[in-house]
2 protein chains.
Amino acid sequence: MVSPTNHARAAPAAADSAREAAPAFSPLYRQIEALLTRSLQGGEWRPGEMIPSEVELAGRFKVSQGTVRKAIDALADEHLLVRRQGKGTFVATHAEQRVQFRFLRLTPDDGEEGAMARRVVDCRRLRAPADVARALSLKAGDAVVQVRRVLSFRGRPVVLDDIWLPGNAFKGLTAERLAQYKGPMYGLFESEFGVRMIRAEEKLRAVTADAEASALLALPLGAPLLSVERLSFTYGDRPVELRRGLYDTTAHYYRNELS
Amino acid sequence: MVSPTNHARAAPAAADSAREAAPAFSPLYRQIEALLTRSLQGGEWRPGEMIPSEVELAGRFKVSQGTVRKAIDALADEHLLVRRQGKGTFVATHAEQRVQFRFLRLTPDDGEEGAMARRVVDCRRLRAPADVARALSLKAGDAVVQVRRVLSFRGRPVVLDDIWLPGNAFKGLTAERLAQYKGPMYGLFESEFGVRMIRAEEKLRAVTADAEASALLALPLGAPLLSVERLSFTYGDRPVELRRGLYDTTAHYYRNELS
DNA sequence: GAGTGGTCTAGACCACTGA
DNA sequence: CAGTGGTCTAGACCACTCG
């Protein structure tokens, strides 16, 4: 095995072309991590599938098992992979009940679980408004899909979401497809459009309900609402979803963990 | 050093005495982690101080450096320790500028940094109301310190906080002490009262300003406010602070990271 | 240069899963 | 049982900080 520092490694068809200006120092396990990420991104292993065992990968990359392990650890921390002792390491997927509530942080005051019912109010293609285009790194006027939907808990509307997606990557997304699909929306994005949400940033504010919101959420005009603007990213930190949500927090709260 | 599982290890003076009823299995590095946590909690090393080097700890605990390393890694992930290559490993402290914004997640829309100015409105000792007592695991009627304060940004009030602390641990906390102290409040708690905040849980909602809030934040009655209820924990997951904040989010937002 | 954390290896063995 | 991830060791060497 070659040295880890700035130089070419013995990866399969490693292109030692990459002539970077010696950024700082990149340990071997980071390079392995990058290789694994590329394989994930390229779809070599699909969500839910098992990736090769640590020893096999160690052989393939010509490094020790411990180094592969450290790379996988990092990816597992980012929720890109899931380790299961005795079974193997798997590509993470949004199609699991377990992960449902990783992104929706709204909890009913009484702690009951009960999933939310979805209703798609609207789904159309249009040209991206300036602010949406900027957020999604599109050119102003590029096509986007806009989805408007309402989430209800025990028959009561609680969340009004407006969602914008790049029209390019989400051709063929219709209200029907959305309505038919069981399970979390990000599961659909993943299986039908090959877009996997990795992480997201949210900006929260308190606002008051306008006419539209008060109608759709069955609240008086001017009622306080929690505004949640979410920008979601895929591999390579590319933004692929902008979401503006209005949450009725009279019987729910947004939970957060500071650490 | 005792054995990791329920069995004998190859460590030098391994005591194969430990006859536990096989709880689950606790690896060696977890035990080391627990020992280190105890030392931190017991004040063997104070905030900001350097702890012994990895090799020294390895010697002390009669394990390999790698095992100590893994334990320290875990504590560093929890922000209890801070590693500094070439220098050593240090006990984390709130008295650093770096960490200021780990707990206050309010950001001005224009991204400017500028610290917030504090004004202590009130600081009194009283008997804990039922809900406060419950949150802090106190008996109803136990003494608590209540602090009310306002944070301002560029001369404009933005945050109104009500803070409750166990009276027992915070004897001698007065408005003067609070006003005099430079730096983050949690730095004061740490250096003056030996209480270190480790993590916190927050519950967010949208509410409207009542008379008090509108007066103190210079807002019209009924203005939408972000309500943030925070419960903070020290070592051993003991709750030691309840905080109810009202944030004016007209020019600021609460940022959050989903991952 | 001495001392610290950070990387990497090779190998042994343990814990867990499922056929 | 074989195969997977999980733990632990001992030792070598690298990167960083500071006197």
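**Notebook: salt bridges and the A/B interface**

I began with Glu202(A), which at 1% relative accessibility counts as buried. I was working on a predicted model throughout. I then looked for the charged partner of this residue, and found that the side chains of Glu202(A) and Arg230(A) meet in a salt bridge, with 2.8 Å from N to O. Glu202(A) sits in strand E8 of chain A and Arg230(A) in strand E9 (residues 224-234) of chain A, so the pair ties together parts that lie 28 residues apart in sequence. Arg230(A) also counts as buried, at 3% relative accessibility.

For a second pair within chain A, I turned to Glu33(A) and Arg30(A), whose side chains form a salt bridge at 3.0 Å, N to O. Both belong to helix H1 (residues 28-41) of chain A and are three residues apart, about one turn of the helix. Here I noted that Glu33(A) is buried, with a relative accessible area of 11%, whereas Arg30(A), at 43%, counts as partly exposed.

Next I followed a pair across the chains. Asp109(B) and Arg205(A) meet through their side chains in a salt bridge of 2.5 Å, N to O; the pair runs from the loop between E4 and strand E5 (117-127) of chain B, where Asp109(B) lies, to strand E8 of chain A, which holds Arg205(A). Asp109(B) counts as partly exposed, at 41% relative accessibility. With the chains exchanged, I found Asp109(A) in a salt bridge with Arg205(B), the closest N and O atoms being 2.5 Å apart. Across the interface of chain B and chain A there are four salt bridges, and the structure holds 43 over all chains.

I then looked at the interface as a whole. Chain B contributes 30 residues to the contact and chain A contributes 31 residues. The two chains bury about 2,600 Å² between them, with 50% of that on carbon and sulfur atoms. On the chain B side, Arg205(B), Asn256(B) and Leu258(B) supply 27% of the area that chain B buries against chain A, more than any other three residues.

I counted polar contacts as well, and the total between chain B and chain A is 23 residue pairs. Strand E8 (199-208), strand E9 (224-234) and strand E11 (252-258) of chain B each give two or more residues to the side that touches chain A, and E8(B) gives the most, with ten residues. By class, that side of chain B has twelve nonpolar, seven polar and eleven charged residues. I also saw that strand E8 (residues 199-208) of chain A pairs with E11(B) in the antiparallel sense over five bridges; in E11(B), Arg255(B) is the bridge partner of Lys203(A).

My last entries concern two residues of chain B. Ser232(B) lies in strand E9 of chain B and is buried, with a relative accessible area of 0%. The residues that Ser232(B) touches include Tyr186(B), Met197(B) and Pro239(B), and its side chain makes a polar contact of 3.2 Å with the side chain of Tyr186(B).

Thr93(B) lies in the loop between strand E3 (88-91) and strand E4 (106-108) of chain B, yet Thr93(B) is buried, with a relative accessible area of 10%. I found a polar contact of 2.4 Å joining the side chains of Thr93(B) and Glu190(B), and a polar atom of the Thr93(B) side chain lies 3.0 Å from the backbone nitrogen of Ala95(B).

How values were computed: Residues numbered from 1 in each chain as written. Chains lettered and ligands numbered in written order. Predicted model: local features only at pLDDT ≥ 70, side-chain atom pairs only at ≥ 80, totals over all residues. Heavy atoms only, no water. Contact = heavy atoms within 4.5 Å. Buried area = accessible area lost by both parts, 1.4 Å probe. Polar contact = N/O pair within 3.5 Å; in protein donor to acceptor, adjacent residues only side chain to side chain. Helix = DSSP H or I, 4+ residues; strand = E, 2+ residues; numbered from the N terminus. Nonpolar A, V, L, I, M, F, W, Y, C, P; charged D, E, K, R; others polar. Pairing = 2+ DSSP bridges. Buried < 20%, exposed > 50% of the residue type's maximum accessible area, 1.4 Å probe, protein only. Lists of a residue's contacts leave out its neighbours within four places in sequence.
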